Amino acid sequence: KALRAGEKVFGCTYNSKKCPHHPKEEDQGKGYKVLNNCAVIQGDGINYGIIKDILAAVHKEGFSAINVAFGMGGALLQKMNRD
C-alpha cells in the first residue's frame, strides 16, 4: 500500500531494462517503477524471510527494490541468534 500511495502522491518513472554491458542493444522497454523523490522504510520485525517476502510483493506490484530501505528494529537487540 505504501508504494502505491507514494506513486499517487509523488509519481514515478520507469527504470530501463537496457543492459549496461551491452550498450549497443536497444532498450527492451520500460522496467520497474521508481518513485520520484521518496522511498519506503521498513525497520521493525525484519529478518531474512520477511525481507524476501517484502521484495517478492514489491516485484509483483511492478516496483523496483530501490524504493525500499530496510533497517533493524529493537527486536534484533534482544534476539540471541543475531550476528
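**Exercise 1. In which loop is the place of S64? Work out, too, whether S64 is buried or exposed.**

Before starting, keep in mind that this is a predicted model.

Step 1. Find S64 along the chain: its place is in the loop between helix 2 and strand 4, the latter spanning 68-70.

Step 2. Look at the accessibility. S64 has a relative accessible area of 11%, and buried means under 20%, so S64 counts as buried.

Step 3. List the partners. Setting aside neighbours within four places in sequence, S64 is in contact with N15, Y32, K33, V34 and V58. Two of these partners, K33 and V34, belong to strand 2, so let's go there next.

**Exercise 2. Describe the surroundings of K33, starting from its strand.**

Step 1. Place the residue: K33 is part of strand 2, which covers residues 30-35.

Step 2. Is K33 buried or exposed? Its relative accessibility is 17%. That falls under the 20% cut-off, so K33 is buried.

Step 3. Check who touches K33. Leaving out residues up to four places away in sequence, the partners are E7, C12, T13, Y14, E61, G62, F63, S64 and N67.

Step 4. Pick out F63 from that list. The charged end of K33 sits over the F63 ring, at 5.0 Å from the ring's centre.

Step 5. Now look for pairs between aromatic rings. Searching the whole structure turns up zero aromatic pairs.

**Exercise 3. Compare how G11 and E61 relate to K33, in sequence and in space.**

Step 1. Start with G11, found in the loop between helix 1 and strand 1 (12-16). With 22% relative accessible area, G11 is partly exposed.

Step 2. Take the distance. G11 and K33 are 22 residues apart in sequence, and their C-alpha atoms are 9.4 Å apart.

Step 3. See what G11 is in contact with: outside its neighbours within four places in sequence, the partners are G6, V34, L35 and N36.

Step 4. Turn to E61, which has its place in the loop between helix 2 and strand 4. Its relative accessible area is 38%, so E61 is partly exposed.

Step 5. Take the distance again. E61 and K33 are 28 residues apart along the chain, with 9.0 Å between their C-alpha atoms.

Step 6. Check the contacts of E61. Not counting residues up to four places away in sequence, E61 touches R4 and K33.

**Exercise 4. Follow strand 2 to V34 and then go on to N37.**

Step 1. V34 is found in strand 2. Skipping residues up to four places away in sequence, V34 touches G11, C12, T13, N15, S64, I66 and N67.

Step 2. Choose C12 from that group. It is 22 residues from V34 in sequence, while the two C-alpha atoms are 5.3 Å apart.

Step 3. Move on to N37, whose place is in the loop between strand 2 and strand 3. Here the relative accessibility is 78%, so N37 counts as exposed.

Step 4. Look at the backbone: phi of N37 is near 60°, a positive value in a residue other than glycine.

**Exercise 5. Which residues line the second largest pocket, and how do they split by class?**

Step 1. Get the volume: about 230 Å³ of space lies in this pocket.

Step 2. Name the lining: K1, A2, L3, R4, V40, Q42, I54, A57, V58, E61, F63 and V68. You've met E61 and F63 already.

Step 3. Sort by class. The lining has eight nonpolar, one polar and three charged residues.

Step 4. Trace the lining back to the elements. Helix 1 (2-10), strand 3 (40-42) and helix 2 (48-60) each supply at least two residues.

**Exercise 6. Step back and sum up the chain: how many helices and strands are there?**

Step 1. Count the elements: the chain has three helices and four strands.

Step 2. Put them in order. Starting at the N terminus, the elements run α-β-β-β-α-β-α.

Step 3. Add the burial: of the 83 residues in the chain, 18% are buried.

Step 4. Finish with the contacts. Among those between residues at least 6 apart in sequence, 58% join residues at least 24 apart.

Key: Residues are numbered from 1 along each chain as its sequence is written. This is a predicted model: local features need pLDDT of at least 70, side-chain atom pairs count only at pLDDT 80 or more; totals for chains, interfaces and linings use all residues. Side-chain values use heavy atoms; hydrogens and water are left out. Buried means under 20% relative accessible area, exposed over 50%, partly exposed in between (1.4 Å probe, protein chains only). Contact means heavy atoms within 4.5 Å. Rings of Phe, Tyr and Trp (its six-membered ring) pair if their centres lie within 6.5 Å; planes under 30 degrees apart count as stacked, over 60 as edge-to-face and the rest as tilted. A charge sits over a ring if NZ of Lys or CZ of Arg is within 6 Å of the ring centre and within 35 degrees of the ring normal. On a 1 Å grid over the protein atoms alone, a cavity is a set of points where a 1.4 Å probe fits but cannot get out, and a pocket is an open set with protein on both sides within 12 Å along at least five of seven lines; lining residues have an atom within 4 Å of a point. Grid points are joined across faces, edges and corners, and a volume is the space filled by probe spheres set on the points. Ala, Val, Leu, Ile, Met, Phe, Trp, Tyr, Cys and Pro count as nonpolar, Asp, Glu, Lys and Arg as charged, and the others, Gly among them, as polar.
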